[in-house]
Amino acid sequence: METETTLSCTGIRRAYRADGEVVWALWDVDAVAIAGQITVLAGPSGSGKSTLLRVIAGIDEPDEGTVEVSGRNLTAMSARARRKFRSRHMGYLFQDPAANLLSYLTVSQHLEMAGRIRRSLPDHDLLTRLEIDMLADEYPARLSAGQQQRAALAAAVVGNPDVILADEPTAELDSQSAHLAVTALSRLRDMGVTLVVTSHDPEVVEVADRVIRLEHGEVKT
Ligand code: ADP
Ligand code: MG
């Protein structure tokens with residue numbers, strides 16, 4: 001089996017400073033994600049999962065360490081270059097499904113917009129694979145949280161970005177919607193999409209090809 005590394009983090013440290021106190025959310029974290037796999041960043045609440053995902057996405061800058069995505073060093077880029085790199089090469093999903101969509105665009109318009117950003121034609125077949133084809137012309141307010149999350153996933157993969165990053169994609173969903181979201185993740189993986197997903201949901205961990213466990217900001221070995 002091919003094991004091409006899509007992204008790697010080395011020696012990541014990230015602190016939050018509030019009221020003169022320093023909290024190390026990540027301490028010397030090393031992690032890799034392999035192309036075509038689902039890598040799950042697992043761990044209890046407060047273990048640093050979201051922080052690590054934002055560092056990988058280049059939304060947050062680490063205090064120490066290096067993030068490489070597709071052979072490009074994100075930590076060496078300017079904030080502007082990182083933003084541009086992210087829009088072309090990565091799809092990012094927030095935990096709150098509604099936060100991933102624009103209220104004034106329909107589901108298919110989200111796919112078209114993603115296609116313009118990544119200079120590619122939107123593949124409307126994706127909607128069928130994610131079981132939201134009947135909702136193509138609906139606005140986000142008309143969708144359930146689960147349908148919103150799958151619409152966001154569909155838009156995220158348009159143009160075949162190098163990696164999809166999803167922060168606790170089932171946390172806000174009822175169990176049936178969560179199950180559909182997990183099915184969507186594994187279908188995308190079967191299409192060759194590379195995913196990095198934070199979660200403490202056992203069903204998500206179940207479909208993972210690799211699990212990286214965090215505890216108090218450190219990788220548990
Ligand atoms: P998880 O996603 O696993 O729940 P987080 O990455 O959100 O963990 O948080 C890791 C640690 O960093 C926690 O101790 C949390 O309280 C702290 N933290 C996260 N975000 C902030 C912030 N904006 N300001 C201060 N502390 C934060
Ligand atoms: Mg989190």
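**Figure 1. Helix H1 and the shell around ligand 1 in the predicted model.** Helix H1 (residues 49-57) supplies three residues to the shell around ligand 1, the largest share. The structure shown in this and the following views is a predicted model. The residues around the ligand include Tyr16 and Ala25, together with Pro44, Ser45, Gly46, Ser47, Gly48, Lys49, Ser50 and Thr51. By class, this shell holds three nonpolar, six polar and one charged residues.

**Figure 2. Polar contacts of ligand 1 with Ser47, Lys49 and Thr51****.** A polar side-chain atom of Thr51 is placed 2.5 Å from an oxygen atom of ligand 1. In the side chain of Lys49, an N or O atom lies 2.8 Å from an oxygen atom of the ligand. Ser47 contributes through its backbone, a polar atom of which is 3.2 Å from an oxygen atom of ligand 1. On its own, ligand 1 has 560 Å² of accessible area, and the protein covers 61% of that area.

**Figure 3. The hairpin of strands E1 and E2****.** Strand E1 (residues 5-18) pairs with strand E2 (residues 21-34) in the antiparallel sense, and ten bridges connect the two. Within this pairing, Ile12 has Val29 in E2 as its bridge partner. Two residues separate the strands of the hairpin. Asp19, in the turn, adopts a positive phi of about 50 degrees.

**Figure 4. The open sheet of four strands, E2-E1-E4-E5****.** The pairing in this sheet is antiparallel. E2 and strand E5 (72-73) occupy the edges; each has a single partner strand, so one side of each lacks a neighbour in the sheet. Five bridges link E1 to strand E4 (residues 64-69), and the two strands are antiparallel. Cys9 is matched with its bridge partner Val67 in E4. E4 in turn is joined to E5 by two bridges, again in antiparallel orientation. Here Val69 has Arg72 in E5 as its bridge partner.

**Figure 5. The open sheet of six strands, E6-E7-E8-E3-E9-E10****.** Pairing in this sheet is mixed. The edge positions belong to E6 and strand E10 (218-219), each of which has a single partner strand, so one side of each is without a neighbour in the sheet. At the E10 end of the order, strand E9 (residues 210-215) and E10 run antiparallel and are joined by two bridges. Leu214 stands opposite Val219 in E10.

**Figure 6. The largest pocket and its lining****.** The largest pocket encloses about 520 Å³ of space. Its lining comprises 20 residues, of which Gly91, Tyr92, Asn100, Ile117 and Arg118 are the closest to the centre. Two or more lining residues come from each of helix H2 (79-89), strand E6 (90-93), helix H3 (107-117) and helix H5 (145-157). Strand E6 thus appears in this view as well as in the six-stranded sheet, where E6 stands at an edge. Sorted by class, the residues of the lining are 14 nonpolar, four polar and two charged.

Methods
Residues numbered from 1 in each chain as written. Chains lettered and ligands numbered in written order. Predicted model: local features only at pLDDT ≥ 70, side-chain atom pairs only at ≥ 80, totals over all residues. Heavy atoms only, no water. 1 Å grid on protein atoms, 1.4 Å probe; cavity = no way out; pocket = protein on both sides within 12 Å on 5 of 7 lines; lining within 4 Å. Points joined across faces, edges and corners; volume = space filled by probe spheres on them. Nonpolar A, V, L, I, M, F, W, Y, C, P; charged D, E, K, R; others polar. Near = heavy atom within 4 Å. Polar contact = N/O pair within 3.5 Å; in protein donor to acceptor, adjacent residues only side chain to side chain. Areas by Shrake-Rupley, 256 points an atom, 1.4 Å probe, with all protein chains shown as cover. Pairing = 2+ DSSP bridges.
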